[in-house]
Amino acid sequence: MVRTAIVVCAGGPVRATLPVLDPGAIVIAADAGVHEAERLGLHVDLLVGDLDSADAAAVARVEAAGGRVERHPADKDASDLELALVAAAVADARHVLVLGGDGGRLDHLLGNAFLLASDRFADMRIDAVLGAARVHVVRNERAMEGAVGELASLFAVGGPAYGVTTEGLRWRLDAEELLPGSTRGLSNEFAGSNASVRVGDGVVLVVRPGEEA
């Protein structure tokens with residue numbers, strides 16, 4: 001059985017329609033993500049972070065409901081989201097869905113997006129719903145469902161992505177190279193209800209800015 005983890009981070013509420021959630025998934029909240037988890041009606045199995053943003057009452061509710069709290073010092077070398085993703089890896093999760101906001105600081109938003117594509121988590125299939133946007137980390141191949149005309153931007157992360165091939169997008173890529181910092185993959189569109197992205201070597205982030213639910 002493939003284990004799924006739902007990681008809830010901070011930054012504002014999720015505003016897109018959520019995919020069907022695995023009822024057997026382990027739920028990990030990253031610090032103030034505990035408030036978003038509560039808003040979404042999720043039982044938190046593990047709360048991690050320095051807990052400088054999670055109020056004491058929410059922490060107490062996690063413990064009272066049988067969840068575990070893993071407190072880290074404020075002076076740490078990793079963000080709360082990174083700690084949560086590491087916890088998901090330790091729990092042997094193979095599918096990870098990150099839920100959180102897209103508001104707040106731009107550096108946090110960019111850092112979180114790059115973090116999802118880190119080689120440290122290459123063994124996990126990672127998707128995210130951040131505010132109104134959906135993000136998919138593509139290694140090898142990923143299939144996606146969408147709507148005709150829905151935007152989907154492709155970005156190479158951590159180095160060039162080679163052999164990038166798309167199906168079901170308006171402007172097709174055929175075994176092409178995407179470079180970090182290039183806008184070659186910006187603002188593509190779903191041509192139908194299904195699309196796929198295949199990567200021969202490297203990592204591609206597919207960002208679907210979406211519309212609010």
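This passage walks through a strand, two buried residues and a surface patch in a predicted model.

Strand β1 is a good place to start. Spanning residues 4–8, β1 has five of its five residues buried, so the strand is largely enclosed by the rest of the structure. The side chains split between two directions: T4, I6 and V8 point one way, while A5 and V7 point the other way, and all of them are buried. As for neighbours, β1 pairs with strand β5 (residues 95–100) in the parallel sense, over five bridges. Within that pairing, V7 has V98 of β5 as its bridge partner. There is also a parallel pairing between β1 and strand β2 (residues 26–30), this one over four bridges. Here A5 sits opposite I26 of β2.

Next comes S153, which belongs to strand β9 (residues 151–156). Is S153 buried or exposed? With a relative accessible area of 7%, S153 falls under the 20% cut-off and therefore counts as buried. Its side chain still has polar company: a polar atom there lies 2.8 Å from the backbone nitrogen of S187. S187 also turns up in the contact list of S153, along with G185, L186, L205, V206 and V207, once neighbours within four places in sequence are left aside.

V203 is found in a loop rather than a strand, namely the one between β13 (194–198) and β14 (204–208). Loop or not, V203 is buried, and its relative accessible area is 7%. What does V203 touch, not counting residues up to four places away in sequence? The list runs to A117, D119, V137, V138, R139, F155, A156, V157 and A161. Two of these, F155 and A156, fall in the residue range of β9 (151–156), the strand that holds S153. For a sense of how the chain folds back, V203 and L178 are 25 residues apart in sequence, yet their C-alpha atoms are 9.7 Å apart in space.

Out on the surface, the picture changes. L106, L110 and F114 make up a nonpolar patch of about 320 Å². One of these, F114, has its place in helix α4 (residues 106–116). Why does F114 count as exposed? Its relative accessibility is 51%, and exposed means over 50%, so F114 makes the cut.

Conventions
Residues are numbered from 1 along each chain as its sequence is written. This is a predicted model: local features need pLDDT of at least 70, side-chain atom pairs count only at pLDDT 80 or more; totals for chains, interfaces and linings use all residues. Side-chain values use heavy atoms; hydrogens and water are left out. Patches are made of residues with over 30% relative accessible area and no salt bridge: like charges are joined within 9 Å, nonpolar side chains (Val, Leu, Ile, Met, Phe, Trp, Tyr) within 5 Å. Accessible areas come from the Shrake-Rupley method with a 1.4 Å probe; for residues, only the protein chains shown count as cover. A salt bridge is a side-chain nitrogen of Lys or Arg within 4 Å of a carboxyl oxygen of Asp or Glu. Buried means under 20% relative accessible area, exposed over 50%, partly exposed in between (1.4 Å probe, protein chains only). A polar contact is a pair of N or O atoms within 3.5 Å; within protein, one must be able to donate a hydrogen and the other to accept it, and residues adjacent in sequence count only if both atoms are side-chain atoms. Contact means heavy atoms within 4.5 Å. Two strands pair if DSSP finds at least two bridges between them.
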